[in-house]
Amino acid sequence: MADTDSHPLLPNMRLDELLSELQLRLEAVLATRDRVHALLEAVVAVGSDLDLETVLRRIVETATRLVDASFGAMGVVGQENTLVQFIPVGLSEEEIARIEHWPHGLGLLGLLIKEPRPLRLTRISDHPESYGFPPGHPPMGSFLGVPVRVRDEVFGNLYLTEKRGGGEFDEEDQAIVVALATAAGVAIENARLFEETRRRETWLAASSEITTSLLSGADPQEVLTLMARRARQMTGADVVAILLPEAGGQLLRVAIADGENAGQLEQVEIQVAGSLSGRAFADGEPLMVNDPDEAGLRSVFSDHLPMGPVGAVPLGAAGVARGVLSLGKRSGRTPFIQSELRTLHAFAAQAAVALELAESRKDAERLGLLEDRDRIAKDLHDVVIQRLFAVAMTLMSTVRLVDRPEASGRMKGAIDELDETIRQIRSTIFALQAPSEDGALSLRASIVEMVEGARGHLGFMPGLRMDGQLDNRVPPEVADHLLAVLREALSNAVRHARAGRIDVSVEALDNRLTLIVRDDGVGLAGDGRRSGLRNLQERATRLGGFFEIVSPETGGTSLTWSVPL
């Protein structure tokens, strides 16, 4: 009976084994199906965005989820086979803060760059190339690295470490990540093409806008400001600065800045020698570095705004560059690419055109002004003065024929007024024929500007009389003293005089420069002194002249400041 009872158990045990094996195979098929579905969903998700930086981060996040890795990263390979960008996933902010710097592509990561094929390790530390991790980097065990290709170019590498549960990455994990990397290459290429198309559209729109501004005669400062803003939008830079040469081309100074904390760059100076902007300025070619300090080149942002990738584009060709357009991105962002800088170089050439046109327009305006001044001076001298002089001579010959003293006195007064008018016109002719060579305001123009500026404070326009060759005879140092004295005199009149009339007279006659300011106000204070008068006295004494301020019997105040020429 025992033997007959034991035999039926053997078929049952064999059946259980078969059922268990079938169940395992079904579970494996289901798991594979789920992973294939997850991979397909991941491919769709990776390709659903066209912003390159978003695409890269999504690739890393998707890869870590597909193979159940604790940590992942994308390393973007630069032109010198180093990592120019590192995008980590899975590290906490505290862990990131402890890392001294992101990997540069040495050791094991460098091996993947030199030999771009999948690499799978049970323990990273067991590999002979296991070095190059920066200080503060957390320890990691299992490892899976897969290159990401865009067409035939290795764009970067996917790094995955620490499979959850303490296991190691298997062949199926590798196959899935390789498949994802293939799809990622397509997504990266699409994002690149989209960025290129968008950049070209922006460039065409910006070029049209700049050309319109140039042809409409806009101020060069406005054109350069617009250019800096459009350049920042075209390249996705965080800050842009336009630097113009000074000190004979040995120094570059920031003239325009746009972007994050751009105010910190106002008037910043940098030497041409040893700087990224200086090299672009001298060579006439665009440059790009991922870390200026490591490249041994200072950037205009170095001491003021910490930046990662930095680019410099000359405004013009070598030897005739008008300045430099410098661009910076925050550390960790995608570096500038050469195609961006080449496009920007063509765009920046318009800045040189803007500056060239501005100078040409300024020269043409100055030449036209000089021609107008010369013509007016000749007309005044050849026509107006001669007629006034003839009228004065006629009146002088007529005075003797007038018997009534009252009429004779009036005619003599008219003759004196004509003489004064002729002197004023001659003085104006001197000013028209002697314009400032450096484009600065002449002494006459400065006096007129200062007197007109007092109108808003006084509520009326002061009278002004100028005589003599002020622009020809008065040295610059004496002119500076005269303007300072006039400024103080008008300021005192505004603050203390309470006047209804002020007359200013400036004369350069008989080798002497004299300034007289009269008002009909309340006169001097009781002690006869006011703040600032001692300074006027010292200015006159320093030049060998004299200074006097009195209250005439007719009221008000009369200030006289006179120095020898």
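Hi everyone, let me start with a pair of side chains. Asp-467 and Arg-465 meet in a salt bridge, with 3.8 Å from N to O. Keep in mind that we are looking at a predicted model.

What is the surface exposure of these two partners? Asp-467 comes out at 4% relative accessibility, so it counts as buried, the cut-off being under 20%. Arg-465, in contrast, has 25% and counts as partly exposed.

Now let's zoom out to the strands. One edge strand here is β12, which covers 463-468, and the other is β15, at 546-550. Each of these edge strands pairs on one side only. They belong to an open sheet of five strands, and if you walk across it you meet β12, β13, β14, β16 and then β15. The pairing in this sheet is mixed. On average, neighbouring strands are turned by 5° against each other, with direction ignored.

Let me pick out one pairing inside that sheet. Strand β14, residues 512-519, runs antiparallel to strand β16, residues 557-564, and eight bridges connect the two. If you want a residue pair to click on, find Leu-515, which stands opposite Trp-561 in β16.

Which helices lie across these strands? Helix α12, made of residues 443-453, lies across β12 and β13, and its angle to β12 is about 170°. Helix α16, residues 533-542, lies across β15 and β16, running at about 150° to β15.

Back to charges, then. Side chains of opposite charge can pair when their charged atoms come close. How many salt bridges does a search of the whole structure find? The count is 14.

My next example is Glu-406 with Arg-410, whose side chains meet in a salt bridge at 3.3 Å, N to O. Both sit in helix α11, which spans residues 405-433, and because they are four residues apart there, about one helical turn separates them. Glu-406 is partly exposed at 47% relative accessibility, while Arg-410 is exposed, with a relative accessible area of 61%.

Two more before I stop. Glu-488 and Arg-495 also meet through their side chains in a salt bridge, at 3.8 Å from N to O. And there is a network of salt bridges too: it links Asp-238, Glu-260 and Arg-330.

So, to return to where I began: the buried Asp-467 has a salt bridge with Arg-465. Thanks for listening, and I'm happy to rotate the model for anyone who wants another look!

How values were computed. Residues are numbered from 1 along each chain as its sequence is written. This is a predicted model: local features need pLDDT of at least 70, side-chain atom pairs count only at pLDDT 80 or more; totals for chains, interfaces and linings use all residues. Side-chain values use heavy atoms; hydrogens and water are left out. Two strands pair if DSSP finds at least two bridges between them. Axes are lines fitted to C-alpha atoms, for helices over the stretch in contact, and angles run from 0 to 180 degrees between N-to-C directions. Contact means heavy atoms within 4.5 Å. A salt bridge is a side-chain nitrogen of Lys or Arg within 4 Å of a carboxyl oxygen of Asp or Glu. Buried means under 20% relative accessible area, exposed over 50%, partly exposed in between (1.4 Å probe, protein chains only).
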